[in-house]
Amino acid sequence: MAFKNSPPPSIVSDSPEKVLLDLPRRKIDGVLLHQGEVMRTYAAKAVDAPDVALQLPTGSGKTLVGLMIAEWRRRKFGERVVYLCPTRQLVNQATGQADEQYGLAVNGFTGSAAGYAAGAKAEYQNADRVAVTTYSSLFNTNPFFSNPDVVIVDDAHAAENYIAALWTLRVERHRDEHAALHAALAGVLKPLLDPSNFVRLTGQWESTADRVWVDKIASPDLARVRGEVRAVVDEHVAGTELRYPWSMLRDHLHACQLYVSTQEVLLRPLVPPTWTHAPFAGARQRIFMSATLGAGGDLERLTGRRSILRLPVPEGWDRQGIGRRYFVFPEMSLPEAEVPGLRRAMMRRAGRSLVLVPSDRLHDGVVADVAEHLGFKTFDADDIEASKKPFTAEEQAVAVVANRYDGIDFPGDDCRLLFVEGLPKTTNLQERFLMARMGAAVLLNERVQTRVLQAIGRCTRSLKDFSAVVVTGEEVPDYLADRRRRVFLHPELQAELEFGVDQSKDQTAAGLLENLDIFLQNGKDWEEANKEILAKREGAVQQRFPAMDDLRGGRSARDRLPDAPLAGRL
């Protein structure tokens with residue numbers, strides 16, 4: 001066999017935006033103005049910064065910007081680049097867009113490292129192709145991606161739980177494989193809890209107050225029982241997935257917090273110690289991309305980085321929204337008992353719909369109701385994580401997703417009807433404790449708002465998208481309809497919400513359905529209504545959350561640690 005001919009070295013442009021023009025298989029003419037602006041700003045101001053944040057609104061082509069920067073750095077500097085997504089579905093989505101729309105060859109990595117293709121691994125190691133993978137592929141105890149030069153974190157607002165998982169021991173009372181360890185930990189903690197809280201911890205409770213109870217074991221108390229905690233966890237984690245985070249925490253209990261609730265025991269450090277994880281900390285640059293980066297230092301707390309350079313939002317996006325949402329608040333006019341019937345009627349009209357709920361119990365209730373009254377096929381998060389095609393292939397279907405508000409996108413005709421039936425303000429016990437027991441709502445204001453924005457934007461991913469958003473449940477209607485909170489939202493969202501609230505008052509079920517029909521037809525009648533939303537947008541002004549400058553100016557837990565290598569410590 002003849003030797004292979006090596007291609008001549010390519011000439012690399014001075015900006016990532018020009019990389020696209022060198023891709024002959026691309027299906028798009030070029031980058032949009034705002035995408036080019038972000039890439040030029042990056043090339044001029046941030047190439048050598050260790051940590052950079054790019055804020056681009058959802059649907060504005062964030063993936064294209066990230067992949068062009070990744071490919072530019074790979075070509076220009078010969079760097080190994082890892083592009084991180086929250087889920088396997090988003091890995092597949094990003095690699096599909098790269099190949100089918102941009103004509104860019106990248107390699108996707110999902111599942112076990114043992115199953116990665118040998119050729120794809122070699123192309124990453126040799127910096128021949130960008131690697132696209134999940135957070136968990138980098139943040140684990142034995143990552144294949146052990147020495148990247150550049151790490152690009154997509155959907156950075158969703159990163160905290162994925163990153164912190166490497167240093168989080170979560171013992172769930174109801175899981176069979178955790179039950180013995182939970183009982184053993186309860187025995188160790190019993191002397192530290194008053195009798196009523198011990199009853200709550202062991203699941204013997206009845207009231208709503210019991211159900212939402214959360215507490216933290218005081219650090220001096222935890223120090224006294226540290227040896228007992230270590231002994232019981234050592235005894236029970238063998239053969240379970242808990243052994244991996246335990247290996248990261250076992251010798252660092254002095255740096256951990258222990259939280260308890262009726263459902264679980266959670267052990268973790270306050271801030272994920274990412275500076276101790278070489279694949280992340282050792283990269284030349286970390287690039288964080290998000291639709292909402294926040295202004296109070298929350299991104300630094302989420303990622304464990306001391307200081308992140310934020311590039312400005314492209315001009316005009318401070319008022320321009322993505323797609324059009326028509327909000328419906330049925331409970332402003334209808335008795336609670338009539339809402340399920342309205343939901344079914346709306347589902348019939350839309351064909352495919354997405355329902356976001358905050359618990360497995362509500363998930364099961366919606367699935368049972370759809371099966372009994374509509375007979376539509378239903379899908380849960382696991383069914384559509386790898387691919388959403390089974391859902392979008394159905395003319396009539398309902399995707400019901402519990403406690404998951406990011407990483408599931410249904411643009412265009414995929415889905416035009418979204419139900420948001422309640423929204424948890426917190427996603428782990430640490431957040432619950434800080435908000436419920438410490439009154440730290442100001443600290444997490446932007447994080448909560450981000451989750452709300454992610455939930456209501458699942459079906460509006462581009463300028464041409466439109467989706468009805470039906471809001472019900474205990475908390476999220478009040479959150480979105482409250483004028484005091486609304487002023488902190490984007491002007492376009494303020495206008496959409498004000499219009500939706502006005503249209504939802506003093507309505508009948510028939511009137512709500514008629515308005516939905518007008519919106520879904522997207523004709524002249526809706527065009528007139530849309531003008532009203534645009535007029536409201538012009539008068540709206542987005543305010544900053546209070547105390548953001550104080551939070552940003554405060555020293556983080558990472559800042560208080562020495563700059564010397566942190567081997568053997570958190």
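In which sense do strand β2 and strand β5 pair, and over how many bridges? In this predicted model, β2 (residues 81-85) and β5 (residues 150-153) pair in the parallel sense, over 4 bridges. The points below start from the sheet that holds these two strands, then turn to a pair of packed helices and to two buried residues, Leu493 and Asp215.

**The sheet and the helix on it**

- The sheet is open and has 7 strands, which run in the order β3-β4-β2-β5-β10-β1-β11 with parallel pairing.
- At its edges stand β3 (107-109) and β11 (309-310); each has a single partner strand, so one side of each is left without a neighbour in the sheet.
- For a closer look at the pairing of β2 with β5, find Tyr83, whose bridge partner in β5 is Ile152.
- Helix α3 (residues 88-102) packs on this sheet, where it touches β2, β3 and β4 (131-134).
- The direction of α3 makes about 160 degrees with that of β4.

**Two helices that cross**

- Helix α15 (residues 339-350) packs with helix α16 (residues 360-373) at an angle of about 65 degrees, and their axes are 11 Å apart.
- That angle makes α15 roughly perpendicular to α16.
- The crossing in which α15 passes α16 is right-handed.
- On the α15 side, the residues that meet α16 are Arg343, Arg344, Met347 and Arg348; on the α16 side, they are Val366, Asp369, Val370 and His373.
- Sorted by class, this contact of α15 with α16 has 4 charged, 3 nonpolar and 1 polar residues.

**Leu493, a buried residue in α23**

- Leu493 has its place in helix α23 (residues 491-504).
- Its relative accessibility is 3%, so Leu493 counts as buried, the cut-off being under 20%.
- Which residues does Leu493 contact, leaving aside its neighbours within four places in sequence? They are Arg325, Phe327, Leu453 and Ile456.
- One of these contacts, Arg325, is 168 residues away from Leu493 along the chain, yet the C-alpha atoms of the two are separated by 8.4 Å.

**Asp215, a buried residue in β7**

- Asp215 is found in strand β7 (residues 214-217).
- Is Asp215 buried or exposed? With a relative accessible area of 16%, Asp215 is buried, again because the cut-off is under 20%.
- Leaving aside neighbours within four places in sequence, the contacts of Asp215 are Asn197, Leu258, Tyr259, Val260, Phe433 and Arg437.

Methods:
Residues numbered from 1 in each chain as written. Predicted model: local features only at pLDDT ≥ 70, side-chain atom pairs only at ≥ 80, totals over all residues. Heavy atoms only, no water. Axes fitted to C-alpha atoms, helices over the stretch in contact; angles between N-to-C directions. Helix = DSSP H or I, 4+ residues; strand = E, 2+ residues; numbered from the N terminus. Parallel < 35°, antiparallel > 145°, perpendicular 65-115°, else oblique. Left-handed = near helix turned anticlockwise from the far one by under 90°. Contact = heavy atoms within 4.5 Å. Nonpolar A, V, L, I, M, F, W, Y, C, P; charged D, E, K, R; others polar. Buried < 20%, exposed > 50% of the residue type's maximum accessible area, 1.4 Å probe, protein only. Pairing = 2+ DSSP bridges.
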